[in-house]
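Dear colleague,

Please find below the structure that I am handing over to you, together with its sequence. My findings follow directly after it.

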Amino acid sequence: MMAAIGAVFEFAGTKRQSRETITILRGQNVFQIAEELKAEGYIKSKLAFLGQVWQTGNLKNLKSGEYDFKGDNLGRIIEKLTSADTVARTATIIPGQTLADISHGLEKYGISRHEFLNLAKIKSWQEQFDFLQGAPPAADLEGFLFPDTYELAQNPNADNFVKAALENFGKKFTSPWRQEIQKQNKTIFETILMASMLEKEVKTLEDKKIVAGILYKRLNAKMPLQVDSTVMYVNNGKFDKELDSPYNTYKFAGLPPGPICNPGMDSIEAAIEPIATDYWYYLSAPDGATIFSKTYDQHLINVAKHLDN
């Protein structure tokens, strides 16, 4: 699904985005536009272009933006310029990406990392989106920007992108899920936090549901979760069991302070619908398979077999 972002402003970037498109920059007058169109081979005559723009009363109506004029005649080029019929831009949030990952991806569209990360605070959006209301006010939006492909305006801004991703989350996070979470005496924030760990730890839906059951069982037993990815989240991707951080689920029992990525649909479903088993331990083998153990001794054997080589 593609979620649209309805922002309108001009993209300030390189003059030529690719061989297939041309970017008309904000502030260029009709003569400069004619010169560029002629230089790039989109029109044969600057005079003909200027004459038709004048005859149609559009001297001041040409819009900046990125355009694809391939195969267009003079009339169609002017029509596109006056109606801002620009090339669509999209940005995709991949399941498992963090806010930092997303911010890097948005930079190429002119959205600064500082602007994006500053807006990605829960307190800025809690009044607009009810699913954020039970979250800690100091938390950020990690976990709540729904993975999907989003259509961007010609010159997008962080506010519209974040809003579109949150609106999409609200649509996907259906009433039956909300009711089930309430029935389990959990919060949406806790559920998304769990889903974010599942997203980073396990691949398949079935395995995610089993691991969710293991982690919930550990929580109820007041046993440390021992999730590697929570440590790596705050340690630049490196694992350190002795790291002094509340995200170190080896050192501190209970849930970490917040989600560690933006989980996809399968991970959210697994967090809401865990499978109860006799397992207490799991590990991810190099081939991607999840190996489960009922006892710590069995787990150590599996670690030696699959990881210690």
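The buried residues of helix α11 pack against four helices, namely α6 (158-172), α7 (175-183), α8 (188-201) and α9 (205-220). Please bear in mind that this is a predicted model. Helix α11 covers residues 265-272, and its buried residues are Ser267, Ile268, Ala270, Ala271 and Ile272.

How do α8 and α11 cross? Their axes come within 8 Å and cross at roughly 125°. That angle makes α8 oblique to α11, because it falls outside the 65 to 115 degrees that count as roughly perpendicular and is not over 145, where roughly antiparallel begins. The crossing of α8 and α11 is right-handed. On the side of α8, the contact is made by Thr191, Ile192, Met194, Ala195, Leu198 and Glu199, while α11 contributes Ser267, Ile268, Ala270, Ala271 and Ile272. By class, 8 residues of this contact are nonpolar, 2 are polar and 1 is charged.

Helix α8 also packs against α9, at an angle of about 130° and with the axes 10 Å apart. The two helices are therefore oblique to each other, and their crossing is right-handed. Met194, Met197, Leu198 and Glu199 of α8 meet Lys208, Val211, Ala212, Leu215, Tyr216 and Leu219 of α9. The contact of α8 with α9 has 8 nonpolar and 2 charged residues, and no polar ones. Met194, Leu198 and Glu199 thus appear in the contact of α8 with α11 and in that of α8 with α9.

A further helix pair is formed by α2 (residues 46-55) and α3 (residues 74-83), which pack at an angle of about 55° with their axes 10 Å apart. That makes α2 oblique to α3. The crossing of α2 and α3 is right-handed. The residues that meet are Ala48, Phe49, Gln52 and Val53 in α2 and Leu74, Gly75, Ile78 and Leu81 in α3. Of these, 6 are nonpolar and 2 polar, with no charged residues in the contact.

I turn next to the strands. Which side chains of β4 are buried, and which are not? In this strand (residues 89-92) the side chains alternate: Arg89 and Ala91 point to one face and are buried, whereas Thr90 and Thr92 point to the other and are not. Strand β4 runs antiparallel to strand β5 (residues 149-152), and 4 bridges join them. Within this pair, Ala91 stands opposite Tyr150 in β5.

Strands β6 (residues 281-284) and β7 (residues 290-293) likewise pair in the antiparallel sense, over 4 bridges. Ser284 stands opposite Thr290 in β7. The hairpin of β6 and β7 has 5 residues between the strands, and there Gly288 takes a positive phi near 95°.

Lastly, one loop residue deserves a note. Phe129 lies in the loop between α5 (113-119) and β5. Is Phe129 buried or exposed? Phe129 is buried, because its relative accessible area is 10% and the cut-off for burial is under 20%. Not counting residues up to four places away in sequence, Phe129 touches Lys163, Leu166 and Glu167. The C-alpha atoms of Phe129 and Ile188 are separated by 12 Å, although the two residues are 59 residues apart along the chain.

With kind regards

Definitions and conventions
Residues numbered from 1 in each chain as written. Predicted model: local features only at pLDDT ≥ 70, side-chain atom pairs only at ≥ 80, totals over all residues. Heavy atoms only, no water. Axes fitted to C-alpha atoms, helices over the stretch in contact; angles between N-to-C directions. Parallel < 35°, antiparallel > 145°, perpendicular 65-115°, else oblique. Left-handed = near helix turned anticlockwise from the far one by under 90°. Contact = heavy atoms within 4.5 Å. Nonpolar A, V, L, I, M, F, W, Y, C, P; charged D, E, K, R; others polar. Buried < 20%, exposed > 50% of the residue type's maximum accessible area, 1.4 Å probe, protein only. Pairing = 2+ DSSP bridges.
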